[in-house]
Amino acid sequence: MTTTLRIGIIGAGMAGQAHAFGYRNAMMARDLADVDVQLHTIADPNLELAQSVAKRYGFANAVADIDAFLANPEIDAVSVALPNHLHAQILPKVIASGKHLFAEKPIGRTREEAAWLADLAQASTAVTGVGFSFRRLPGLAALAQAVENGAVGQIHTVRAWYNADYAADPSGALSWRYSQEQSGGGALLDIGAHAIDAAQFVVGPVSRVLNSTLRTVITERPKPAAGAIGHGGTTTSERGPVTNDDVALVTVEFDGGAVGQISLSRIASGIPNSLGVEVFGSEGHALFDSISAGEFHLFQNGTAAAAVNGPRRIFTGPEHPYFNDVAAMPGAGVGTGYAEAFVAEIQEFLRCVRDNRTMDTNFNTALAMMGVVGAALEAAETNTTADINHPQPA
């Protein structure tokens, strides 16, 4: 029996376009042959942008009225990819509509906002997923499997990072990303959400923030011109203050006893986009860096004579998670990366809707991430340690 799913996306900016890319290519997975994915509507108050994205990605319609979009019974599942401060306005409406929901991270700007939204999601009978796309990279997923299977023994030290340079140019527009009120966090949340989730995905829950240092290096920027979108949006001659962090250094402790350093920068000149996780354990160590997403590294004590033993560079292939579903030509070494991760996360969302089961990256996953962000903000403000105290849905 074929399951027909008519898809709508709210938000036609960069993240919304990435979701559209994912839906357009989702049928690469053979096990989704019984799902008829129909690309129905792109919704965005900027109708011209919505129309452009709909045409480029093959969606049949574009609308500006989000309330009318949600009232349309023809749409079965909705992706939401909006600026952080709009999620608290739109996500409750989508949940109330009863449509299946896939939200871009984060689901809120604070721990409390995220807990409220997780509570709403928990009461829904629809699938409510959240996009932590890096988990779907075959190399990171394979590393997590190896760690879970004991390949490096008991983990004692963790290093996670996300370095990007999208904000390194001081002439870049003062978008919502640079407002603490609108974003909930600078590098700490915008890219830190992915690094924190990746660390917890591989190692387990963070229990405490031991130390947190946040720095704003570029303290003001030119205000954006009307209608400007994205990191390279056009600007005006007027300037305004940056009110969140460009750099965050967070030292954490995990439930299992390991300690870790999470380093985040959106002004890392020359490193456009690198998320990494490195873990050291009693039997070896493992490393993944998204800048070389088609591989990961593994060292294991005693697997060869000391003179020739060392870290092994493992190229991802059909034996690794998600690879066969997203690789254009599924042979080892052809490489998969940032784009394929969006395809894989959408494929998993569609499977969950078809099978009526909970998605592994859901609102509670996002809440766990926000618990770390909230504790990091608290530790930086008070210059003390901060327990996570994950807010729980009611």
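In what order do the six strands of the open sheet line up? The order is β3-β2-β1-β4-β5-β6, and the pairing is parallel. Keep in mind that this is a predicted model. Besides the sheet, there's a set of aromatic rings to look at, where Phe-134, Tyr-162, Tyr-338 and Phe-342 are linked into a cluster by ring pairs.

**The sheet**

- Strands of a sheet pair through backbone hydrogen bonds, and that pairing can be parallel or antiparallel.
- Here, the edge positions go to β3 (61-63) and β6 (128-131); each has a single partner strand, so one side of each is left without a neighbour in the sheet.
- Going from one strand to the next, the twist averages 25 degrees.
- If you want to zoom in on one edge, β6 runs parallel to β5 (residues 100-104), and four bridges join the two.
- For a concrete register point, look at Leu-101, whose bridge partner in β6 is Thr-128.

**A helix across the strands**

- Helix α1 covers residues 14-25 and lies across β1 (3-10), β2 (35-43), β4 (77-80) and β5.
- Relative to β1, helix α1 runs at about 165 degrees.

**The aromatic pairs**

- The count of aromatic pairs comes to four.
- One of them is Phe-134 with Tyr-338, an edge-to-face pair at 5.7 Å centre to centre, with 65 degrees between the planes.
- That pair ties together distant parts of the chain: Phe-134 sits in the loop between β6 and α6 (138-148), Tyr-338 belongs to helix α11 (residues 338-355), and the two are 204 residues apart.
- Tyr-338 also pairs with Phe-342: the ring centres are 5.3 Å apart and the planes stand at 70 degrees, so this pair is edge-to-face too.
- This second contact is a local one in sequence terms, since both residues lie in helix α11, four residues apart, or about one turn of the helix.

**Buried or exposed?**

- Phe-134 has a relative accessible area of 3%, so it counts as buried.
- Phe-342 is also buried, at 6% relative accessibility.
- Tyr-338, the ring that pairs with Phe-134 and with Phe-342, is partly exposed at 44% relative accessibility.

Key. Residues are numbered from 1 along each chain as its sequence is written. This is a predicted model: local features need pLDDT of at least 70, side-chain atom pairs count only at pLDDT 80 or more; totals for chains, interfaces and linings use all residues. Side-chain values use heavy atoms; hydrogens and water are left out. Two strands pair if DSSP finds at least two bridges between them. Axes are lines fitted to C-alpha atoms, for helices over the stretch in contact, and angles run from 0 to 180 degrees between N-to-C directions. Contact means heavy atoms within 4.5 Å. Rings of Phe, Tyr and Trp (its six-membered ring) pair if their centres lie within 6.5 Å; planes under 30 degrees apart count as stacked, over 60 as edge-to-face and the rest as tilted. Buried means under 20% relative accessible area, exposed over 50%, partly exposed in between (1.4 Å probe, protein chains only).
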